[in-house]
Amino acid sequence: YVVVALDAALAVASATFSVVVTTASGVASGSLSLSPAVTAISASKGSVAGNHLVTVTGSGFTASSTVTIGGTACTVLSNSFNSIVCLTGAKAAEVNLTVSVSGAQCLSSVALTEQASVSFACPLYSYVDASTVTVTDATYSNGYVSVTGTNFNVVDTAAIVVGSYICTKTTVATATVSCPLPDTLAGGSCQVVLSFAKAGGAAARTVAIPITASVSANVIGNLGGARVTVTGANFGLAATLKDGSNNNVCASTE
């Protein structure tokens, strides 16, 4: 028998290839089938409340790939060929649950021949007791979203998820976690989730993010004094207008 190892990863989600093996004894042909595979998950345990931000790695993932942990859906926020980031769902306490990706394989052992086999370690995740992290409120102000609560661990890695946007440039204190949002983020009524890498997630809150629908101005020269009207929603009474370099242009008057 002949065992052939690929010397480079093939960037295809699934496919079947023709294989030809040439030896001194002759030529043999066959086929090689590739399918997506799941190899690891970034955290091995999280709260029964869910909302734990995890990364599932492997190969062959597509834009339509979905993730489940022990049959419970993990909400996909972003994905690529080799990784999927998702938020765990709530589930009763249970340990060593298999992490599955739609269309992907995770097998304990695959026999190549009667004499040779290859083993894969299926990634496992455990739902443990409720997180000690408690969220009391979430707010938006001047481009930042802030989450307040109790038992925040300042040495744990935190992320704030706003809708499907993952903000990792967080500032963590014992009772507050804040993070800047990009100007390109679509506004509206957004779900905000606080997730710690070790402590797990916390209950979600809804925050109103400003929406800019249109901008109109009557500008003569560059001396200022022009009236600029911005329409949209969720601006708040303390809103200010800024240009692309984030410099204040004018304060709102009404």
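Where is the place of Asn151? Asn151 sits in the loop between β14 (144-150) and β15 (158-162). The model is predicted.

**Backbone at two asparagines**

Asn151 has a phi near 65°, which is positive although the residue is not glycine. Asn96 is another non-glycine residue with a positive phi, near 55°. Asn96 lies in a strand, β9 (residues 94-101). Asn96 is exposed, because its relative accessible area is 53% and exposed means over 50%.

| Residue | Phi | Place |
|---|---|---|
| Asn96 | near 55° | strand β9 (residues 94-101) |
| Asn151 | near 65° | loop between β14 (144-150) and β15 (158-162) |

**An open sheet**

Strand β14 also belongs to a sheet. Four strands form this open sheet, in the order β13-β14-β18-β17, with antiparallel pairing. Its edge strands are β13 (134-141) and β17 (171-172), and each pairs on one side only. Strand β17 is joined to β18 (residues 176-180) by 2 bridges, and the two run antiparallel. Thr171 has Ser178 in β18 as its bridge partner.

**The nonpolar cores**

In soluble globular proteins, nonpolar side chains tend to be buried together. Here the largest nonpolar core has 21 residues. Ile160, Val162, Val192 and Leu194 have the most contacts inside it. At least two residues of this core come from each of β13, β14, β15, β18, β19 (188-196) and β21 (205-209). Strand β19 gives the most, with 4 residues. A second, separate core holds 16 residues, including Val54, Cys86, Val99 and Tyr125.

**Two residues of the largest core**

Is Ile160 buried or exposed? Ile160 counts as buried, because its relative accessibility is 0% and buried means under 20%. Ile160 lies in strand β15. Setting aside residues within four places in sequence, the contacts of Ile160 include Val145, Val147, Tyr165, Cys167, Val177 and Cys179. Ser178, the bridge partner of Thr171, is also in contact with Ile160. So are Val192, Val193 and Leu194. The C-alpha atoms of Ile160 and Gly201 are separated by 9.8 Å, and these residues are 41 residues apart along the chain.

Which residues does Val192 touch, not counting residues up to four places away in sequence? Val192 touches Ala138, Val145, Val147, Ile160, Val161, Val162, Ala204, Arg205 and Val207. Val145 and Val147 are thus listed for Val192 and for Ile160.

Note on methods:
Residues are numbered from 1 along each chain as its sequence is written. This is a predicted model: local features need pLDDT of at least 70, side-chain atom pairs count only at pLDDT 80 or more; totals for chains, interfaces and linings use all residues. Side-chain values use heavy atoms; hydrogens and water are left out. Two strands pair if DSSP finds at least two bridges between them. Buried means under 20% relative accessible area, exposed over 50%, partly exposed in between (1.4 Å probe, protein chains only). A nonpolar core is a set of buried Ala, Val, Leu, Ile, Met, Phe, Trp, Tyr and Cys residues joined through side-chain atoms within 4.5 Å. Contact means heavy atoms within 4.5 Å.
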